[in-house]
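Visitor: Please take me through one part of this model closely, the place where its domains adjoin, and then set beside it whatever else helps me to read the chain. I would like the cut-offs behind each term as you go.

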Amino acid sequence: MTDGRFLEGQLAVVTGGGRGIGAAIAEALAAAGASIALLGRDKPPMERQANAIAAAYGVTAKFATCDVADEASVTRAFGLVRETVGEPRILVNNAGQSAGVAFTETTRDTWDRMIGVNLTGTFLCTQQVLPAMLKANAGRIVNIASTAGLKGYSHTAAYCAAKHGVIGLTRALAMETAKKGITVNAVCPGYTDTEMAASAIRNLVDAGRTEEEAAKAITRVMPIGRLIRPEEVASAVAWLCSPDAAAVTGQAIAVAGGEVM
Ligand code: NDP
């Protein structure tokens, strides 16, 4: 077993790290000693989270504004990260958005946004870090997919397509990098207690259910009978980044209370 500060001296980039699951992941990696760079569109939550992490764990924690779906923005943000904190050894592609809408009402804009943020964003950020990882023969890439990358759900075709794509990308890149000291894995959360799950509950309330019925409908699909906690997703990510997981690559690991197997 590795000791508590097993990521000392490594830089981890966490996209969407200002809040929700990404904030918990950044915290778990910092607790293991990693320096942290957060990327996202909205500056204030990232600034708060970076300051909190630096104070709590004594690591360097920076942030850069970035729209992961926009190639120029991604190039700029990673350039800034390299200039200010160095070359990332860990990338967690966590930034994501969901849309709960019937297929026949899915507009081209919604489709493009789902693919753009969830799938193309993962592609663009990975392109930024992979050349240096290959040169160093070392690296960890963890893509936050979803149970929606492993099965279908009604009213989420575009999101499901994007997350299935993330898992395909993960598996293919894992094959390409397996002999290079790099692992590439996906973590697939079930409904997790963040703003994204709260908005899924609000959608059901807007469609006529009570708040209690909506919350029950969401947790009913989960054998564990409750939402996943962001920290539970984060600890799977931290383990995948640890030396103990050096032989684990190309996996899609569900943290979903038994919903998929
Ligand atoms: P939140 O909505 O709480 O957070 C999403 C994060 O992604 C925010 O930090 C947001 O920052 C960032 N983000 C969104 N769009 C972009 C963009 N275009 N560019 C850069 N950053 C962006 O969601 P969660 O924490 O719940 O979700 C995190 C990941 O987990 C997502 O990939 C999601 O699909 C996945 N997931 C979540 C589940 C859940 O039930 N919560 C279940 C399964 C998977 P900002 O707005 O500042 O850009």
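**Where the domains adjoin**

Guide: E195 is partly exposed, because its relative accessible area is 42%, and that class lies between buried (under 20%) and exposed (over 50%), as calculated with a 1.4 Å probe on protein chains only. Before going further, please keep in mind that this is a predicted model, in which local features need pLDDT of at least 70 and side-chain atom pairs count only at pLDDT 80 or more, while totals for chains, interfaces and linings use all residues. Residues are numbered from 1 along each chain as its sequence is written, and side-chain values use heavy atoms, with hydrogens and water left out.

The side chain of E195 meets that of R202 in a salt bridge, with 2.7 Å from N to O; the term stands for a side-chain nitrogen of Lys or Arg within 4 Å of a carboxyl oxygen of Asp or Glu. R202 is partly exposed too, since its relative accessible area is 43%. I201 lies in helix α6, which covers residues 195-206; helices here are DSSP runs of H or I with at least four residues, strands are runs of E with at least two, and both are numbered from the N terminus. I201 counts as buried because its relative accessible area is 16%. Leaving aside neighbours within four places in sequence, I201 is in contact (heavy atoms within 4.5 Å) with E211, A214, A215 and I218. As for E213, it is 12 residues from I201 in sequence, and the two C-alpha atoms are 9.2 Å apart in space.

The division itself comes from an automatic or database domain assignment, which gives domain 1 as 11-190 + 229-246 and domain 2 as 191-227. Taken over C-alpha atoms, the centres of the two domains are separated by 24 Å. Across the boundary, 14 residues of domain 1 are in contact with 10 residues of domain 2. About 810 Å² is buried between domain 1 and domain 2, and carbon and sulfur atoms give 56% of it; buried area here is the accessible area (1.4 Å probe) that two parts lose on being put together, summed over both. On the side of domain 1, the residues that lose the most area to domain 2 are G190, R229 and P230, which together make up 44% of what that side buries.

The count of salt bridges between domain 1 and domain 2 is one, whereas the count by this rule comes to eight. The side chain of E232 deserves attention here, for it meets that of R226 at 2.8 Å, N to O, and also that of R229 at 3.1 Å, N to O. R226, R229 and E232 are thus linked in a network of salt bridges. Within that network E232 counts as partly exposed because its relative accessibility is 23%, and R229 is placed in that class because its value is 43%. A further pair, R5 and E8, has its side chains joined at 3.3 Å, N to O; R5 is partly exposed at 32% relative accessibility, and E8 is partly exposed at 48%.

To set this region in the rest of the chain, consider helix α4, residues 108-136, whose 29 residues at 1.5 Å each should span 42 Å, in agreement with the 41 Å between its end C-alpha atoms; the expected span is 1.5 Å times one less than the number of residues. Helix α4 nevertheless has a kink of about 40 degrees centred on G116, where the bend is the angle between axes fitted to the seven residues ending there and the seven starting there. N137, which follows α4, has a positive phi near 55 degrees, although N137 is not a glycine. N137 is found in the loop between α4 and β5 (139-144), and counts as partly exposed because its relative accessibility is 44%. H155, likewise a residue other than glycine, has a positive phi near 65 degrees and is found in the loop between β5 and α5 (157-177). In helix α5 itself sits T170, which is buried because its relative accessible area is 1%. Apart from neighbours within four places in sequence, T170 is in contact with N143, V184, N185, A186, G250 and Q251.
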